[in-house]
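Open the model in your viewer and keep the selection panel at hand. The tour goes from a metal site to salt bridges and then to pockets.

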Amino acid sequence: MNKFLNLGMRFISAKQIFSGKEFLSANTILVVNGNGLIEDITTKENVESSNIEHFEDIIAPGFINTHCHLELSHLKNIIKQHTGIVDFGLGVMKHRDEFSIELQQEAMQLADKEMQTQGIVAVGDISNTNVSIITKQESNLYYHTFVELIALNPERANLVFDTGKQLLSEYSTAQLSASLAPHAPYSASLELIKKITDDCQQLNKATSIHNQESKAENEFFNSKSGDYLRLYETIKVPIDYFKATEKSSLQTIISSFNEKVNTLLVHNTFTSKEDIEIAKTTHQQLYWCLCPNANLYIENTLPDIHLLDSNKCALTIGTDSLASNSGLSIINEINTILKHQPNTSLELLLNAATHKGAKFLGIENQFGLLEKNKKCGINLIEGQSGNYSVKKLA
Ligand SMILES: [Zn+2]
């Protein structure tokens, strides 16, 4: 033990310690060195009691934010709430280029710092451009970038894919982890989804897609009707080639995904039991991301978390961007869920926020689990259910 003390070793105990997968026994002690590395996980009997730092709250690994758009950080408070997804999307298109690059960079750096303060250690970040590269290179956070591609017209699949590969190479050159991702079912052809996810398989990386964020998305696929027709009219993009499939969006697209690729379905606000069953049968490596604050901001609704959990969907949590959220905080997403669906278990949500997110991104060797020889970040979660706050201990 003297060797440990000389190195600024801490012996941390808490009312509850969540490993990333489960709550550990009450007499667990985390032995953490000055660099935040877990040197050992032991029990109280093995540590001199005067050396133990005890917390009357919950300890958990650093959080994984599986869905963010760092490059939209400058749009905080710009787009009105509760407009629905089509007007939200039009708002992003209208305003995203109205700001100087300096202002955008500053907003991204602040957003990155906010995530660090909020106990986030790794981020799955959607990017359409290279503007976030500098912030990501300079950050202490681990970033995996999803280079997001948009083309509903199947004839554009090759061109858009090639452009995406060029942008992807800029991230690789900058030594940042990255892969391609289709934007959403209503904005990516089946051909493009297949090309993207075959590429992800070759790179052995995950992919991501926004899924069933609105009722309009299912209407578009079921009967080629609803608000998405207005979107394509407004942006003057003809979609004569698009035919209704008489199925929901998820049921239409799921078989186009390479089934060996970890695939994140983001939002799932209008996903039915039948959608879940068909998707899970078709694809075994699906993860389902909850972004409740963005759902309330845009559509003023929430996904049915009990439905997803009772059908054994692997859940993760994301903040989405500051264009549709007042902050980038995983604990605030958890608070929102606990306030609106109070029967949801904290264990389920902490697992989604830590180990499941790390597993999805393929970084579970480093993050998402309190284990010997890991530097996964250590969070102290204080307060009451629905009103938790987080402090970084390491
Ligand atoms: Zn998003």
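Helices and strands here are DSSP runs, numbered from the N terminus; a helix has at least four residues and a strand at least two. The model is predicted.

**Stop 1: the zinc ion**

Select the zinc ion and show its donors. His67, His69 and His210 each coordinate through NE2, and Asp320 through OD. The distances run from 2.0 to 2.6 Å. Now check the angles. The four donor atoms subtend 83 to 170° around the zinc ion, so the arrangement is irregular. A tetrahedral label would need all angles between 85 and 135 degrees.

Look along the sequence next. The donor residues follow the spacing H-x1-H-x140-H-x109-D. Two of them link distant parts of the chain: His69 sits in the loop between strand E5 (63–68) and H2, while His210 is in strand E9 (residues 207–211). They are 141 residues apart. Are His69 and His210 buried or exposed? Both His69 and His210 are buried.

**Stop 2: Arg96 and Glu71**

Turn on the salt bridges; the count comes to 11. Select Arg96 and Glu71. Their closest N and O atoms are 2.8 Å apart, and the two residues form a salt bridge. Arg96 belongs to the loop between H2 and helix H3 (101–117), and Glu71 to the loop between E5 and H2, so the pair ties together parts 25 residues apart in sequence. Colour by accessibility: Arg96 and Glu71 are both buried.

**Stop 3: Arg230 and its partners**

Move to Arg230 and Asp87. Their side chains meet in a salt bridge, 2.9 Å from N to O. Arg230 is in helix H8 and Asp87 in helix H2, 143 residues apart, and the pair links these distant parts of the chain. Arg230 counts as partly exposed, at 31% relative accessibility. Asp87 is partly exposed too, with a relative accessible area of 33%. Add Asp227 to the selection: Asp87, Asp227 and Arg230 are linked in a network of salt bridges.

**Stop 4: a bridge within one helix**

Select helix H6 (residues 190–203). Lys194 and Asp198 both lie in this helix, four residues apart, about one turn. Their side chains meet in a salt bridge of 2.7 Å, N to O. Lys194 is partly exposed, with a relative accessible area of 45%. For Asp198, also partly exposed, the value is 30%.

**Stop 5: the largest pocket**

Switch to a surface view. The largest pocket holds about 890 Å³ of space. Its lining has 38 residues; select Met93, Asn128, Glu148, Ile150 and His183, which lie nearest its centre. Which element supplies the largest share of the lining? H2 does, with six residues. Helix H2 (85–95), strand E7 (142–149), helix H5 (157–173) and helix H8 (227–234) each supply at least two lining residues. Colour the lining by class to find 21 nonpolar, 12 polar and five charged residues.

**Stop 6: the second largest pocket**

Finish at the second largest pocket, with about 320 Å³ of space. It is lined by 15 residues. Select Val121, Asn140, Phe367, Lys375 and Gly377 to mark those nearest its centre. By class, this lining has seven nonpolar, six polar and two charged residues.

Methods
Residues numbered from 1 in each chain as written. Predicted model: local features only at pLDDT ≥ 70, side-chain atom pairs only at ≥ 80, totals over all residues. Heavy atoms only, no water. 1 Å grid on protein atoms, 1.4 Å probe; cavity = no way out; pocket = protein on both sides within 12 Å on 5 of 7 lines; lining within 4 Å. Points joined across faces, edges and corners; volume = space filled by probe spheres on them. Nonpolar A, V, L, I, M, F, W, Y, C, P; charged D, E, K, R; others polar. Donors = N, O, S within 2.8 Å, 3.2 Å for Na, K, Ca; no water. Tetrahedral: all angles 85-135°; square planar, octahedral: opposite > 155°, others 65-115°. Buried < 20%, exposed > 50% of the residue type's maximum accessible area, 1.4 Å probe, protein only. Salt bridge = Lys/Arg side-chain N within 4 Å of Asp/Glu carboxyl O.
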